[in-house]
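Grab your viewer and a coffee. Below is a handful of exercises to work through with the coordinates open.

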Amino acid sequence: MGDYQGVFERYEKKYLLTPGQYRALRQEMEGRTEPDQYGRSTVCSVYFDTPSYRLIRRSLEKPGYKEKLRLRSYGEVRGDDPVFAELKKKYGGIVYKRRVQMTLDEAEAYLYRGQPAGNPSQITREIDWFCHFYGEVAPRMLITCERVALCGVRDEGLRVTFDRDIRWREEALSLREGVWGDPLLRPGERLMEIKAPGALPLWLADALSGQGVFPISFSKYGSAYCQKMGGSAPADDRHLKEKGASICA
């Protein structure tokens with residue numbers, strides 16, 4: 001299936017952009033960033049949780065430590081296509097992501113039906129412990145988006161993604177079932193995520209400041225869960241965005 005990075009440790013910041021801010025920032029990034037290995041892609045993620053949604057409810061409380069399990073593909077996939085089982089943890093502002101690649105058939109047998117991993121590894125053992133600890137972990141939500149992914153030309157470790165058309169659903173929770181669902185953002189808005197091993201490059205910090213763009217606390221799964229429970233859509237909470245606060249009322 002090719003080489004891939006299975007372990008990540010980095011700072012991640014998220015920003016909600018208007019169409020004008022998006023265009024301005026893309027212009028600022030010309031010559032300083034380039035498409036990464038995925039470039040433009042459709043990202044599809046199945047999130048796993050308990051029947052009571054223990055994991056996302058705990059995450060929305062902003063604890064010092066939190067973790068999640070998801071199954072991700074880049075583009076629509078069939079049984080023998082590669083996907084990633086990902087265990088993502090956040091502690092002290094640093095994100096630790098561990099992922100293992102397998103086929104969709106293997107992943108569904110492992111995560112949906114509880115069969116042992118076909119090729120056991122340290123990461124699958126961590127996933128096994130996660131599922132045992134929380135109990136009754138199963139697919140609860142599928143979220144898709146259209147993504148542009150960039151990496152730094154001279155800034156090693158810098159990665160910037162822009163997500164649009166973010167959609168979520170609670171049925172047909174298989175990566176085989178296509179890209180559809182309820183929208184999470186307003187038309188034209190983008191969710192930008194900046195991932196870096198340390199401080200942002202000065203040119204990028206200046207570009208964000210110049211556009212009045214500030215980081216927010218935004219979880220696609222958390223925001224979709226809030227919508228499911230009858231809360232307001234994240235994009236409607238403009239007063240929170242302006243203050244750089246958490247968005248998920």
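What follows is a set of short exercises on this predicted model, each with a worked solution.

**Exercise 1. Get your bearings: how many helices and strands does the protein have, and what percentage of its residues count as buried?**

Solution. Start with the secondary structure: there are 7 helices and 9 strands. Next, look at burial: 52% of the 249 residues count as buried. Then turn to the outside, where the accessible surface comes to about 12100 Å² and carbon and sulfur atoms own 48% of that. Finally, check how the chain meets itself. Take contacts between residues at least 6 apart in sequence, and 72% of them join residues at least 24 apart.

**Exercise 2. Find the cavities of 30 Å³ or more and describe the lining of the largest one.**

Solution. Here's the idea behind the search: rolling a probe the size of a water molecule over the atoms shows where empty space is left.

- Step one, count: the search gives 3 cavities of 30 Å³ or more.
- Step two, volume: the largest cavity holds about 120 Å³ of space.
- Step three, residues: 14 residues line the largest cavity, and those nearest its centre are Arg70, Arg72, Lys88, Glu193 and Lys220.
- Step four, elements: strand E1 (7-17), strand E3 (65-74), strand E9 (190-196) and helix H6 (220-228) each give two or more residues to that lining. E3 has the largest share, with 3 residues.
- Step five, chemistry: the lining of the largest cavity splits into 11 charged, 2 nonpolar and 1 polar residue.

**Exercise 3. Do the second largest cavity next: which residues line it, and how do they divide by class?**

Solution. Volume comes up at about 50 Å³ for the second largest cavity. Its lining is made of Phe48, Asp49, Leu55, Ile56, Ser59, Glu67, Lys68, Leu69 and Tyr221. Map those onto elements, and strand E2 (33-49), helix H2 (54-60) and E3 each supply at least two. Sort by class, and you get 5 nonpolar, 3 charged and 1 polar residue.

**Exercise 4. Explain why helix H3 counts as largely enclosed, then zoom in on Glu108.**

Solution. First, tally the burial: 6 of the 8 residues of H3 (residues 104-111) are buried, so the rest of the structure largely encloses this helix. The buried ones are Leu104, Ala107, Glu108, Ala109, Tyr110 and Leu111. Second, ask what does the covering: E2, E3, strand E4 (82-91), strand E5 (94-103) and helix H4 (122-134) are among the elements over these residues.

Now the zoom. Glu108 sits in H3 and has a relative accessible area of 8%, so Glu108 is buried. Skip residues up to four places away in sequence, and Glu108 touches Arg113, Ser174, Leu175 and Arg176.

**Exercise 5. Decide why Cys44 has no disulfide partner.**

Solution. Recall the chemistry: a disulfide is a covalent bond between the sulfur atoms of two cysteines. For Cys44, the closest cysteine sulfur belongs to Cys145 and lies 8.0 Å away, so a bond is ruled out by distance. The cut-off is 2.5 Å. Widen the search to the whole structure and the total is 0 disulfides. As for the setting, Cys44 is buried, with a relative accessible area of 3%.

**Exercise 6. Work out the surroundings of Arg147: is this residue buried or exposed, and what is it in contact with?**

Solution. Locate it first: Arg147 lies in strand E6 (residues 138-152). Relative accessibility is 4%, so Arg147 counts as buried. Leaving aside neighbours within four places in sequence, the contacts of Arg147 are Gly39, Arg40, Ser41, Val43, Arg72, Thr161, Phe162, Asp163 and Lys220. Two of those names should ring a bell, as Arg72 and Lys220 came up among the residues nearest the centre of the largest cavity. One more distance to check: the C-alpha atoms of Arg147 and Arg190 are 9.4 Å apart, with their positions 43 residues apart along the chain.

**Exercise 7. Inspect the positive phi values of Tyr53 and Glu136, and say for each whether it is buried or exposed.**

Solution. Tyr53 has phi near 60 degrees, a positive value in a residue that isn't glycine. Tyr53 belongs to the loop between E2 and H2, and at 13% relative accessibility it counts as buried. Glu136, also not a glycine, has a positive phi of about 55 degrees. Glu136 is in the loop between H4 and E6, and its relative accessible area of 65% makes it exposed.

How values were computed. Residues numbered from 1 in each chain as written. Predicted model: local features only at pLDDT ≥ 70, side-chain atom pairs only at ≥ 80, totals over all residues. Heavy atoms only, no water. 1 Å grid on protein atoms, 1.4 Å probe; cavity = no way out; pocket = protein on both sides within 12 Å on 5 of 7 lines; lining within 4 Å. Points joined across faces, edges and corners; volume = space filled by probe spheres on them. Helix = DSSP H or I, 4+ residues; strand = E, 2+ residues; numbered from the N terminus. Nonpolar A, V, L, I, M, F, W, Y, C, P; charged D, E, K, R; others polar. Buried < 20%, exposed > 50% of the residue type's maximum accessible area, 1.4 Å probe, protein only. Contact = heavy atoms within 4.5 Å. Areas by Shrake-Rupley, 256 points an atom, 1.4 Å probe, with all protein chains shown as cover.
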